[in-house]
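Work through the exercises below with the sequence and the structure at hand. Each task is followed by a solution in steps.

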Amino acid sequence: MMALHKYLIMNTLCYPILSIVIFLPLAGAILLLFMRGERSIKMTALITAAINFPLSLIIYSGFDIGTEKFQFGEFAPWIPAYNINYVLGIDGITIFLILLTTLLAPLCILCSWTAIERRVKEFMFCILIMETAMIGVFCALDFILFYVFWEAMLIPMYLLIAIWGGPNKDYASIKFFIYTLFGSVFLLVAIIAVYLTTGTFSIPDAMFRDYGFSFQLWVFLAFAIAFAIKVPMFPFHTWLPAAHTEAPTAGSVFLASVLLKMGTYGFLRFCLPITPKASVFFGPYMIALSVIGIIYGGFVCLSQTDMKKLIAYSSVAHMGFATLGIFSFTVFGWEGALLQMLNHGVTTGALFLCVGIVYERTHSREIYDNVGLGKIMPAYVGFFGLFSISSFAFPGTNNFVGELYVLIGIFSQSKLAGFFSIVGALLAAAYMLRLLKQIVWGREDKREIADMKAREVIYLLPLALFVVWMGLFPRPFVQVIEKTLMNLHSQMNIFLR
Amino acid sequence: MKIESIRPLIPIIIVLVTSLLISLSKKRPNLRESWSIAGSILTFIAVASMIPDIMAGNKIVYTLSTIAPGISINFRVDALSLIFGIVSSFLWIFATFYNIGYMRSLNEHAQTRYYTCFAIAILGAQGVSYSGSLFSLYLFYEIITIFTYPLVAHHQDAEGYAGAKKYIVYLMGTSKGLLLPAVVLTYIMTGTLDFSDNILTGIFTKDANSTWITVAYILFLFGFAKAAIMPLHNWLPSAMVAPTPVSALLHAVAVVKAGVFCIARVMLSVFGVELLNNLCLGIWTAYFVSITILLASIIALTKDDLKARLAYSTVSQLSYIVLGVALLDPSGILGGILHIVNHGFSKITLFFCAGAIFVAAQKRKISDMEGIGYAMPFTMGAFAIASLSMIGAPPVAGFVSKWYLLNGALEIHNIPILIVLMASTILNAGYFAPITFKAFFQGKRGGWKRGDIKEAPATMVAPIVLASLISVALGLFPEFFVNLIGRLMP
């Protein structure tokens, strides 16, 4: 307990805010089990998720940007025999990821309002369990606790794809399951290796210790496989298009917006502080894989005819920028990576929501079946246009800021890698504009498709506002994450010397 | 002196509000067009209100938000900004009236989208003018690109889509592929994206790596493909599939001038005269764009389609502006920047004329225009005046800028540039004079009768005549803009 205070500021509120935010959705999920009637189930789920967002804003408003320590700390002994504790805390890396999760959860429930027609109770149950697990992953400061939450995401996500998914759901869900489980095993190995060396499961305790170089190499590889699958980095990405495409809209949003961030979060939280030397050693290879992912993702997107698949592959390219920023080992790159994670979560989530909206009307995800909506659904096209220009990092939108930070980071380290990643940025503009042009103007025919309903506007509007707000006024966001990353940078430099 | 004030943002806000109002008035065309007219006039007033302060030698600055240390969305009005700001906002008023006549006469579809995008393109041009950093410049530059796409593709037929595709591929490709790395390289070398206050020094430090500075410079020069420097000029003739007012305002004034303006801005306020001189980048730029000046004029000679000829003339004339600034002496810079104004007024007249001929007589080809001066005396009279300006004959506006350009070339004792300027003058005469000749001296025999007149609607002819008269006025009384640009010199 004493050692904790070095890196953890205990929660000073009179209630355990992190635990509340984590377990409120779980409580709601359990409540759902005792309820009947689709409407009341949906309402309960929505209200639970909707309350959780303002609660998470309490965390944001109380967040101290002047410290690099973990905040809102909570501690309780769990399995003292093995020194396993229930430790929670957040820092600049996680604060926005938590907010992103709590923001998207109610939107996901709203977008499933009519799209999910069977087993509504089980669906909402899975969504809420997912929310608990995802927030838990970001808050956990104990390896075992982290691993429990990490694994807890797997089953509900599998069920979301396998039960409510598209025509090819069996293949997609099994592939997702196998890939993720495969990664988890390596994660567990790395955790145990660290435990055997340090004798603690405390994550902050394991950071910046004097591990041997070969130990770092192996541990890094184990971590990296787990996280690279999650990101996903080329060549571990093949589960993603299948899973994203077949999942129901809410599942795709969770997958793209939050689950992919687990990988990049893992790199920042585990690989860099625990195995700094190995990270630098493998840095060039990781940069190469990121650049390949960016360019490969872009080319694959160009040839897609399925809207959802296109957006799924664009995630490979976008997350390539995030890993590129991380392995540039500059504060700029890391800030860019974090912004990219947040922005990709919002923009790609919004694009999946958009596809969901049009799918409910035309029952097809093919671009060709959904072309020429400009005249028929003007409001929809407005939203879709904003999110797609944001997706290819149009200046003035959120993604541009993240991409600029990453580019500054990578150009200052390696101009070659920088110029290669520019190719990816170029491809992004090409495939998104091609999609946008088709959707807006493709072919003209008179079809009876209703424009967006109020419910649909409600769940896209906050995301649209965020896109513009973040694009024009990003500095307050950066200031929140800056201290943590500066500290990480100086710590790494001490250990690399 | 620097004045901290939100005033640079006001024209931009006015245009933004105008475009929103236009898009909300879909069902009521008269109201919608009133918004356009009111918006354009108010914008110009807002711009003009900044003239006294700039004339007094001040700069107006405003920072909207910070993106990163040294990177911000900020605005800074100096003489160069104001030149482009005045031209784009003033000509928007003309274009609005002309638009109304043109779009209604031809009964075009999707007019609300058209007017909205038109306004946002002006917003981009205004934003580019008042940008105080490369970040804001890039932001507004891209806004122009994306919102002019629907204008170029307006007809939504195969030809329109093909032209618009080329347009977006050239412009988006260069801005993402060349401009973005140039901006990032600049930031890495200097730690800031804000423009320098002194056109002599720029923002680079003495010890910066000259290879990477050169790389960044070349990326900038080609990254601003809106300036249509060869070999990245091909989008401009293709974009002529757009309705003529679009070609007029955007492809003679707002879009292409944004390109040359950005190049001038980057040369003067990012690199600075001294650095460009030390690395010999200025004079090589001048030589390079000379190729464009001559080649585009020669291609223009071969074009029979009036808009295509005007397009290639634009390509050639834009490079005058770059050439002037690249001479890096006071007369050259003055002549180049002055040409933004002079070419703007004259070229918009020519495009307006082309549109009026199409509306009134459905003619596009120059070979069909024999004797058209009898049917459209006002239009073709204005055309004659404006083409004199393009050729650089006194007393029309183009003469003044050409005078300063020649002066600039003489000051640095550069004979090749002098020859280029003279040769291009002859070429200009070669492709403009025959049009006027054909219109008035060929085809029709016999006296001119009042009943022959078959002009376009008055809302189109009035802007044409006014714009051509302003061209003459600018030639006779150039002091205002010459003095204004003089504020730029240290």
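**Exercise 1. Find the residue that follows helix α7 of chain A, state the sign of its phi, and check the span of the helix.**

Solution. The model is a predicted one. Step 1: the residue after α7(A) is A:Gly199, and its phi is positive, near 75°. Step 2: the helix itself covers residues 169–198 of chain A, 30 residues. Step 3: from the first C-alpha to the last, α7(A) reaches 43 Å, close to the 44 Å expected at 1.5 Å a residue.

**Exercise 2. Describe the backbone at A:Ala393 and B:Ala228, and decide whether each is buried or exposed.**

Solution. Step 1: recall that most residues other than glycine have a negative phi. Step 2: A:Ala393 has a positive phi, near 60°, and B:Ala228 has a positive phi too, near 55°. Step 3: place them. A:Ala393 sits in the loop between α15 (378–391) and α16 (398–413) of chain A; B:Ala228 sits in the loop between α8 and α9 (235–238) of chain B. Step 4: buried means under 20% relative accessible area. A:Ala393 has a relative accessibility of 0%, so it counts as buried. B:Ala228 is at 0% and therefore also counts as buried.

**Exercise 3. Locate the peptide bonds that lead to A:Pro235 and B:Pro395 and give their omega.**

Solution. Step 1: most peptide bonds are trans. Step 2: the bond joining A:Phe234 and A:Pro235 is cis, with omega about 5°. A:Pro235 belongs to the loop between α9 (213–230) and α10 (239–246) of chain A. Step 3: the bond from B:Pro394 to B:Pro395 is cis as well, with omega near 0°. B:Pro395 belongs to the loop between α16 (377–391) and α17 (397–411) of chain B.

**Exercise 4. Work out the surroundings of B:Ser316.**

Solution. Step 1: B:Ser316 is part of helix α13 (residues 306–326) of chain B. Step 2: its relative accessible area is 0%, so B:Ser316 is buried. Step 3: the side chain of B:Ser316 comes to 3.2 Å from the backbone oxygen of B:Ile293. Step 4: not counting residues up to four places away in sequence, B:Ser316 touches B:Thr292, B:Ile293, B:Ala296, B:Ser297 and B:Tyr431.

**Exercise 5. Characterise the interface of chain B and chain A, starting with how much area it buries.**

Solution. Step 1: 34 residues of chain B contact 32 residues of chain A. Step 2: the two chains bury about 2900 Å² between them, with 82% of it on carbon and sulfur atoms. Step 3: on the side of chain B that touches chain A, two or more residues come from each of β2 (59–68), β3 (71–77), α6 (134–152), α7 (158–190) and α8 (210–223) of chain B. Step 4: α7(B) gives the largest share of that side, 12 residues. Step 5: the residues of that side divide into 25 nonpolar, 6 polar and 3 charged. Step 6: between chain B and chain A there are 0 salt bridges, and 5 residue pairs are in polar contact, both at pLDDT 80 or more.

**Exercise 6. Which residues does A:Phe411 contact, beyond its neighbours within four places in sequence?**

Solution. Step 1: A:Phe411 lies in helix α16 of chain A. Step 2: at 0% relative accessibility, A:Phe411 is buried. Step 3: in chain A, its contacts are A:Gly418, A:Phe419 and A:Ile422. Step 4: in chain B, A:Phe411 contacts B:Pro181, B:Val184, B:Leu185 and B:Ile188. Step 5: the C-alpha atoms of A:Phe411 and A:Gly333 are separated by 9.5 Å, with these positions 78 residues apart along the chain.

Notes: Residues numbered from 1 in each chain as written. Chains lettered and ligands numbered in written order. Predicted model: local features only at pLDDT ≥ 70, side-chain atom pairs only at ≥ 80, totals over all residues. Heavy atoms only, no water. Contact = heavy atoms within 4.5 Å. Buried area = accessible area lost by both parts, 1.4 Å probe. Salt bridge = Lys/Arg side-chain N within 4 Å of Asp/Glu carboxyl O. Polar contact = N/O pair within 3.5 Å; in protein donor to acceptor, adjacent residues only side chain to side chain. Helix = DSSP H or I, 4+ residues; strand = E, 2+ residues; numbered from the N terminus. Nonpolar A, V, L, I, M, F, W, Y, C, P; charged D, E, K, R; others polar. Buried < 20%, exposed > 50% of the residue type's maximum accessible area, 1.4 Å probe, protein only. Expected span 1.5 Å × (residues − 1).
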